[in-house]
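The exercises below ask the reader to work from the overall form of a chain down to individual residues. Each task is followed by a solution that goes step by step.

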Amino acid sequence: MFTIEHDFDATVITLIDEAAPGARPLNEDVVILGFDDRVVLEQMSADGDEVVRVTLSMHQLTELRLALNLPEGNYRLDKPD
């Protein structure tokens, strides 16, 4: 399950882990904040005492999107002129 909300300066997507009762431990929700120049992923730490954040530039996000569909190896995107 996920939700999408549009705030003033960001789009907020929340990924909610779901499973049949007792099937497996659930992970904390992942919150994805999309800004004009970056994407921030947030999730509570395993012990629940702090929010862990990962910030990706738009270029890194593009590389991640492409990497999900490529085989093992080293790659470099050509920079636009």
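**Exercise 1. Determine which residues Leu33 touches, leaving out those up to four places away in sequence, and which residues make up the largest nonpolar core.**

Solution. The model is a predicted one, and the contacts below are taken from its coordinates. Setting aside residues up to four places away in sequence, Leu33 touches Thr11, Val12, Arg38, Val39, Val40 and Glu42. Next, the largest nonpolar core has 5 residues, and Leu33 is one of them, alongside Ala10, Val12, Phe35 and Val40. As a general background to this step, nonpolar side chains in soluble globular proteins tend to be buried together.

**Exercise 2. Establish what lies over the face of Phe35, and how many aromatic pairs the structure holds.**

Solution. Begin with the ring of Phe35, which belongs to the largest nonpolar core. Arg38 is placed over the face of this ring, at 4.1 Å from the ring centre. Then turn to ring-ring pairs, of which the structure holds 0.

**Exercise 3. Describe the secondary structure of the chain and its overall dimensions.**

Solution. The chain contains 1 helix and 5 strands, and when these are read along the sequence they follow the pattern β-β-β-β-β-α. For the dimensions, the C-alpha trace spans about 50 × 35 × 25 Å along its principal axes. The radius of gyration of the chain is 16 Å, whereas a compact globule of 81 residues would have one near 12 Å. Turning to the surface, 14% of the 81 residues count as buried, and the accessible surface comes to about 6900 Å², with 54% of it belonging to carbon and sulfur atoms. Finally, among contacts between residues at least 6 apart in sequence, 4% join residues at least 24 apart.

**Exercise 4. Decide whether Thr14 is buried or exposed, and relate this residue to Val31.**

Solution. Thr14 lies in strand β2, residues 11-15. Its relative accessible area is 12%, and because buried means under 20%, Thr14 counts as buried. Leaving out residues up to four places away in sequence, Thr14 touches Met1, Phe2, Thr3, Asp29, Val30 and Val31. The last of these, Val31, is found in strand β3, residues 30-34. With the sequence neighbours again left out, Val31 touches Val12, Ile13 and Thr14 as well as Val40, Leu41 and Glu42. As a further distance, Val31 and Met44 are 13 residues apart in sequence, and their C-alpha atoms are 9.5 Å apart in space.

**Exercise 5. Work out how Val52 should be classed by accessibility, and which residues it touches.**

Solution. Val52 is found in strand β5, residues 51-57. Its relative accessibility is 43%, which lies between the cut-offs of 20% and 50%, and therefore Val52 counts as partly exposed. Apart from residues up to four places away in sequence, Val52 touches Leu41, Glu42, Gln43 and Ser45. To Arg76, which is 24 residues from Val52 along the chain, the C-alpha separation is 28 Å.

How values were computed. Residues numbered from 1 in each chain as written. Predicted model: local features only at pLDDT ≥ 70, side-chain atom pairs only at ≥ 80, totals over all residues. Heavy atoms only, no water. Core = buried A, V, L, I, M, F, W, Y, C linked by side-chain atoms within 4.5 Å. Buried < 20%, exposed > 50% of the residue type's maximum accessible area, 1.4 Å probe, protein only. Contact = heavy atoms within 4.5 Å. Phe/Tyr/Trp six-rings, centres within 6.5 Å; stacked < 30°, edge-to-face > 60°. Lys NZ or Arg CZ within 6 Å of the ring centre and 35° of its normal. Helix = DSSP H or I, 4+ residues; strand = E, 2+ residues; numbered from the N terminus. Rg over C-alpha atoms; globule rule 2.2 N^0.38 Å. Areas by Shrake-Rupley, 256 points an atom, 1.4 Å probe, with all protein chains shown as cover.
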